[in-house]
Amino acid sequence: MVSRMIRMKADPGTLRKINERRIMNAIRVHGMLSRSDVQRELNLALPTVSRIVDALIERDWVVERGVVETSMGRPPVMVQVNPQGAYAIGVDLGRLVSRIACVNLIGQVVYEEHFPTYQVDTAVSLVDRLETVVRTQCRGKHVVGVGIAAPGSHNPHPSISRGDIDERPDHHWHHEPLSEMIESRLHLRTWVENDANAAVLGEMWFGVGQAVKHLLFVLADVGIGAGIAVNGSIYHGENNGAGEFAHTVVDIYSPDVCECGRRGCLGNVTSRWSILERVKKRTGIETVSFAQVVQLAKESVQPYQEIVFKAADYLAVGIANMVQVLDPTMIVLGGATFLEDELIFNETVRRMEPLMIPKGVSIVRTKHQFNSVAVGAATLALQQVYDHTQLIDDPLHGQATVDVSAL
């Protein structure tokens with residue numbers, strides 16, 4: 001990797017934590033390494049590696065898995081991440097349906113529950129449910145933290161924010177300090193993030209985008225949003241508003257006015273809510289479900305097929321425009337709109353292909369299916385196990401110079 005000087009507080013405890021996370025991540029990425037492999041991979045002193053690996057084994061985050069036969073000297077003992085050594089909790093606060101997932105150290109969901117969001121319409125009710133999950137499902141395992149993901153813009157740095165959730169009609173929380181409540185009651189550090197941003201993070205660390213530096217995650221559900229990863233990190237933008245995909249304009253002549261005051265916003269023509277509203281206006285039927293609309297569209301029944309295909313047209317245009325601007329390596333599609341039935345996924349992809357000038361961009365479904373946001377939320381906490389860069393101060397605010405050219 002490129003050698004560089006980073007200004008940071010150079011206390012021994014921080015350096016040890018950095019090396020611990022680097023070692024954990026190297027073992028995670030490679031699957032299985034010997035202590036000598038780790039030493040060569042990270043350019044660390046072998047005694048340093050051995051001390052940290054031994055401590056990780058004692059903590060139960062790493063386990064030994066036998067030896068590799070070799071004709072040269074003593075066979076090395078291999079180590080790998082112990083998936084059940086610790087857990088993280090991820091919470092997906094959807095507009096209609098919410099999920100809580102307990103995720104192990106390699107991003108696998110070991111427990112999941114989903115429920116109508118109205119059941120956690122206050123912060124206290126959510127903390128009550130989280131406490132039950134930690135007590136009954138984690139079964140004494142170390143929990144590294146809690147990640148909360150919800151629609152809307154949230155400060156990604158709880159250390160400089162209360163970590164509250166924006167007030168919305170479906171969440172009567174009135175900016176209750178959710179992070180503080182969880183940390184005070186459950187003694188678990190908590191992170192808050194936008195749902196699409198969390199999803200793109202989970203896909204990079206534990207999903208289909210693990211080898212991808214530039215990733216676009218389109219989350220289509222009741223609403224629609226996008227998570228953008230640049231060089232392996234979430235791109236938040238200057239005002240923490242990157243990925244407001246729903247408010248990109250795709251039809252300036254649209255008769256419908258968006259809640260933002262503009263005409264032709266993507267969310268106004270592609271979200272599940274907007275599709276159902278168009279069906280009601282065209283047919284006068286009030287009780288039709290989204291699943292029924294899609295099924296009727298598959299059977300070529302009008303105006304259902306016309307409305308669904310028009311939504312796919314606009315989705316394709318919107319995503320293709322994002323591709324032209326961002327030039328991602330991969331596009332991941334997730335959310336119930338893409339997952340509940342093949343139709344909208346297939347029709348959107350088919351319409352995108354002739355619109356995209358860059359060839360070779362992969363378009364795939366999320367690996368985590370309906371748990372993509374919850375796994376992404378848990379990944380916010382799991383980064384504290386693997387990501388050493390979060391321990392390095394901003395170069396403008398550091399106090400001591402440390403050469404981390406081997407990082």
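The following exercises, each with a worked solution, concern the predicted model shown above.

Residues are numbered from 1 along each chain as its sequence is written, and side-chain values use heavy atoms, with hydrogens and water left out. As the model is predicted, local features need pLDDT of at least 70 and side-chain atom pairs count only at pLDDT 80 or more, while totals for chains, interfaces and linings use all residues.

**Exercise 1. Describe the open sheet of five strands and the helices that lie on E8 and E9.**

Step 1. Terms are fixed beforehand. Helices (H or I, at least four residues) and strands (E, at least two) are DSSP runs, numbered from the N terminus. Two strands pair if DSSP finds at least two bridges between them.

Step 2. The strand order is E7-E6-E5-E8-E9, and the pairing is mixed. Strand E7 (109–116) and strand E9 (190–194) form the edges, each pairing on one side only. On average, neighbouring strands of this sheet are turned by 15° against each other, direction ignored.

Step 3. At one edge, strand E8 (residues 142–150) pairs with E9 in the parallel sense over five bridges. Within this region Ala149 stands opposite Glu193 in E9.

Step 4. The helices are then added, with contact meaning heavy atoms within 4.5 Å. Axes are lines fitted to C-alpha atoms, for helices over the stretch in contact, and angles run from 0 to 180 degrees between N-to-C directions. Helix H5 (residues 178–186) lies across E8 and E9 and runs at about 155° to E9. Helix H6 (residues 195–206) packs on the sheet, where it touches E8 and E9, and its direction makes about 105° with that of E9.

**Exercise 2. Determine which residues form one aromatic cluster with Phe206, and classify the ring pairs.**

Step 1. A pair of aromatic rings is described by the distance of the centres and the angle of the planes. Here, rings of Phe, Tyr and Trp (its six-membered ring) pair if their centres lie within 6.5 Å; planes under 30 degrees apart count as stacked, over 60 as edge-to-face and the rest as tilted.

Step 2. The whole structure holds four aromatic pairs. One of them joins Trp205 to Phe206, with 6.4 Å centre to centre and 45° between the planes, and is tilted.

Step 3. For Phe206 and Tyr386 the ring centres are 6.5 Å apart and the planes stand at 65°, so this pair is edge-to-face. It links distant parts of the chain, for Phe206 lies in helix H6 and Tyr386 in helix H13 (residues 372–386), 180 residues apart.

Step 4. Trp205, Phe206 and Tyr386 thus belong to one aromatic cluster. Trp205 and Phe206 are buried (under 20% relative accessible area; exposed is over 50%, partly exposed in between; 1.4 Å probe, protein chains only). Tyr386 is buried as well.

**Exercise 3. Establish the surroundings of Thr337 and the salt bridge of Arg272.**

Step 1. Thr337 is located in helix H11 (residues 336–339). Its relative accessibility is 3%, so Thr337 counts as buried.

Step 2. Not counting residues up to four places away in sequence, Thr337 touches Ala220, Asp221, Arg272, Phe290 and Ile344.

Step 3. Arg272 in turn meets Glu340 in a salt bridge (3.3 Å, N to O); the term requires a side-chain nitrogen of Lys or Arg within 4 Å of a carboxyl oxygen of Asp or Glu. Glu340 lies in the loop between H11 and helix H12 (342–352) and Arg272 in helix H8 (residues 272–283), so the pair ties together parts that are 68 residues apart in sequence.

Step 4. The two partners are then compared by accessibility: Glu340 is partly exposed at 44%, whereas Arg272 is buried at 14%.

**Exercise 4. Locate the salt bridges of Arg282 and of Arg351.**

Step 1. The search of the whole structure yields 16 salt bridges.

Step 2. Arg282 and Glu306 meet through their side chains at 3.2 Å, N to O. The pair links distant parts of the chain, with Arg282 in helix H8 and Glu306 in helix H10 (residues 304–326), 24 residues apart. Arg282 is partly exposed at 46% relative accessibility, and Glu306 is partly exposed at 42%.

Step 3. Arg351 bridges to Glu347, the closest N and O atoms being 2.3 Å apart. Both residues lie in helix H12, four residues apart, about one turn of the helix. Arg351 and Glu347 are both buried.

Step 4. The latter pair belongs to a network of salt bridges that links Asp313, Glu347, Arg350 and Arg351.
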